[in-house]
Each structure stands twice: as structure tokens, then as C-alpha cells.
Amino acid sequence: MVIQNPHDFLDTVLQEGFIVGETDGAWCDVFPLFAATKLTVGREGHNDVVISDVRCSREHCVFRKLNDHWYVDDLGSSNDTFVNGNRVERTQKLRPDDRITVASQKLMYAATVVDPQEIIADFATSSAGSIF
């Protein structure tokens, strides 16, 4: 991949947001959304996010980007998908810090709280002098 302007690429990555998974009480599994228009979640290995829990359906839910916003849809799962404790009954628009529950797995839709200019400034003053 050739990046003409690494600062523009960084801005894109940070502005799209992330799906963050919780493991052992810590938010640590990060699934960036900058290169996707959808992110599938389920028990089967072909999903983008695989949840090894028998309560998770093979194809449980999907995150989709529509009109520059991210949404979640339950795919007819046996145990439902929840956003902030409420069952997803139809396409639901996500807002930063929304908590999504799929079986026993907790996920969060996280928009960046980092100012891209601060990161660029930090890299510019580092000994490397370059982001890439």
C-alpha cells in the first residue's frame, strides 16, 4: 500500500472508530473500522470477530457502515444482541461508548478521543521523525 500523505491516513484511522472487546475485565481486543464497511460477529471461524461461546450463534450480528455512521444488526441469533442492555430489534445506530453484548462477550463501540494532531506532533518530535 502506498500512502501519499501519512497524516491523512492517520486522521482516517482515528476518526472511524473501533470495536473493542473485553477480556478478563480489561478492554484490550481492538477491531479497527477504518478499512471496513462491515464487521461480522459469530461463533464460526469465517467471522471477523469470533466468539467461542455456545450461546453465540454461528452468525450472530453484524456491524455495518451506512451513510458515514456505524450500526449493529442482530442476525436472528438465538440469544439476541444487546446495546446498553436493550435488545436489538432492528438496525440500531451506534454512538461512542455504546456497550454491545453478544452472548457472554462484552464489546464497545469506541470513537477516538485522541486528537490526531497531538499524535502527529509527538511523532514529529521523536527521534524517528516519521510516522511510517
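## Salt bridges in a predicted model

The side chains of Arg-55 and Asp-53 come together in a salt bridge, with N and O 3.1 Å apart. The model you are looking at is a predicted one, so please read the distances here as computed values. The two partners of this bridge sit in contrasting surroundings: Asp-53 is buried, at 9% relative accessible area, whereas Arg-55 counts as partly exposed, at 46%. Asp-53 earns the label buried because its 9% falls under the 20% cut-off.

In total, the structure holds four salt bridges. Three of them are described here, and this table sets out their partners and distances.

| Basic partner | Acidic partner | N to O distance |
|---|---|---|
| Arg-55 | Asp-53 | 3.1 Å |
| Arg-58 | Glu-44 | 3.5 Å |
| Arg-87 | Glu-89 | 3.4 Å |

Let's turn to Glu-44 and Arg-58, whose side chains also meet in a salt bridge. Which parts of the chain does this pair link? Glu-44 lies in the loop between strand 3 (38–42) and strand 4 (49–50), while Arg-58 lies in the loop between strand 4 and strand 5 (61–66). The pair thus links distant parts of the chain, with the two positions 14 residues apart in numbering. Glu-44 is partly exposed, with a relative accessible area of 31%.

Finally, there is the bridge between Arg-87 and Glu-89. Is Glu-89 buried or exposed? Glu-89 counts as exposed, at 63% relative accessibility, because exposed means over 50%. Its partner Arg-87 has 42% relative accessibility and counts as partly exposed.

Technical notes: Residues numbered from 1 in each chain as written. Predicted model: local features only at pLDDT ≥ 70, side-chain atom pairs only at ≥ 80, totals over all residues. Heavy atoms only, no water. Helix = DSSP H or I, 4+ residues; strand = E, 2+ residues; numbered from the N terminus. Buried < 20%, exposed > 50% of the residue type's maximum accessible area, 1.4 Å probe, protein only.
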